[in-house]
Amino acid sequence: MPPLKINHVAIVVEDVNAALSFWRDALGLPLHHLEHNESEAVDIAFLPVGEGEIELIAPFTEDSGVAKYLAKKGAGLHHICLEVENIEEAIARITAGGGEMINAEARTRSDGTRYAFVHPKSTGGVLLELYEVKP
Ligand code: ZN
């Protein structure tokens with residue numbers, strides 16, 4: 001079963017409020033909510049568009065994975081997330097096809113969404129996230 005749809009596109013920024021002046025105010029996307037995520041040390045703005053979402057992510061510490069990414073590469077596209085029906089099947093298919101996973105095993109978010117990342121060297125340079133959304 002191929003992926004179902006684009007769930008979200010994540011963009012790393014220095015400052016979520018500054019980024020909202022474009023994405024919300026100038027472009028006109030609605031701001032669904034803001035999340036202060038302690039476990040990953042990031043602020044996230046969720047802006048729905050169609051069936052998907054733009055996520056603006058800004059680190060609030062110096063030592064998180066996202067903070068290191070921002071320091072090294074600067075602001076920009078961080079990852080694309082595709083929704084799949086069955087994440088184990090998707091991981092097995094990618095691995096069998098020669099793709100390299102960052103997370104060989106899916107992890108689970110607090111809302112029940114299961115996720116795993118595919119290494120950018122397998123995708124043409126873009127970090128790819130897979131989501132299996134809890135029905
Ligand atoms: Zn994501």
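The lining of the largest pocket draws at least two residues from each of β1 (5–12), β2 (33–37), β3 (42–49), β4 (52–59), α2 (65–73), β5 (76–83), β7 (114–118) and β8 (127–132). This is a predicted model, so please read what follows in that light. Several of those strands return below, in an open sheet of eight strands and in a zinc site whose protein donors are His8, His79 and Glu129.

**The largest pocket**

- The space in the largest pocket comes to about 1100 Å³.
- Its lining counts 39 residues, and those nearest the centre are Glu40, His79, Arg109, Phe117 and Glu129.
- By type, the lining of the largest pocket splits into 15 nonpolar, 13 polar and eleven charged residues.

**The second largest pocket**

- About 190 Å³ of space lies in the second largest pocket.
- This pocket is lined by 13 residues, with Pro3, Ala90, Ile94, Leu128 and Leu130 closest to its centre.
- Both α3 (87–96) and β8 give at least two residues to the lining of the second largest pocket, and α3 provides the largest share, three residues.
- The lining of the second largest pocket is made up of ten nonpolar residues, two polar ones and one charged one.

**The zinc site**

- Which protein atoms serve as donors to the zinc ion? They are NE2 of His8, NE2 of His79 and OE of Glu129, lying 2.0 Å from the ion.
- Along the sequence, the zinc donor residues follow the spacing H-x70-H-x49-E.
- His8 in strand β1 and His79 in strand β5 are 71 residues apart, and this pair links distant parts of the chain.
- Two of the zinc donors, His79 and Glu129, also appear among the residues nearest the centre of the largest pocket.

**The sheet as a whole**

- Reading across the open sheet, its eight strands come in the order β2-β3-β4-β1-β5-β8-β7-β6, with mixed pairing.
- Why do β2 and β6 (107–108) each have one side without a neighbour in the sheet? They stand at the edges and have a single partner strand each, so one side of each is left open in that sense.
- As general background, strands of a sheet pair through backbone hydrogen bonds, in either the parallel or the antiparallel sense.

**Strand pairs, one by one**

- β3 and β4 are antiparallel and share eight bridges; here Ala45 sits opposite Leu56 of β4.
- β1 and β4 are parallel, with four bridges between them, and Val12 faces Ile57 of β4 across the pairing.
- β1 and β5 run antiparallel and are joined by seven bridges.
- Within that β1 and β5 pairing, Ile11 is opposite Leu77, while Ile6 is opposite Leu82.
- β5 and β8 run parallel and are joined by five bridges.
- The zinc donor His79 takes part here too, with Leu127 as its bridge partner in β8.

**A helix across the sheet**

- Which strands does α2 lie across? They are β1, β3, β4 and β5, and α2 runs at about 85 degrees to β4.
- These four strands, like α2, each supply at least two residues to the lining of the largest pocket.

How values were computed
Residues numbered from 1 in each chain as written. Predicted model: local features only at pLDDT ≥ 70, side-chain atom pairs only at ≥ 80, totals over all residues. Heavy atoms only, no water. 1 Å grid on protein atoms, 1.4 Å probe; cavity = no way out; pocket = protein on both sides within 12 Å on 5 of 7 lines; lining within 4 Å. Points joined across faces, edges and corners; volume = space filled by probe spheres on them. Nonpolar A, V, L, I, M, F, W, Y, C, P; charged D, E, K, R; others polar. Pairing = 2+ DSSP bridges. Contact = heavy atoms within 4.5 Å. Axes fitted to C-alpha atoms, helices over the stretch in contact; angles between N-to-C directions. Donors = N, O, S within 2.8 Å, 3.2 Å for Na, K, Ca; no water.
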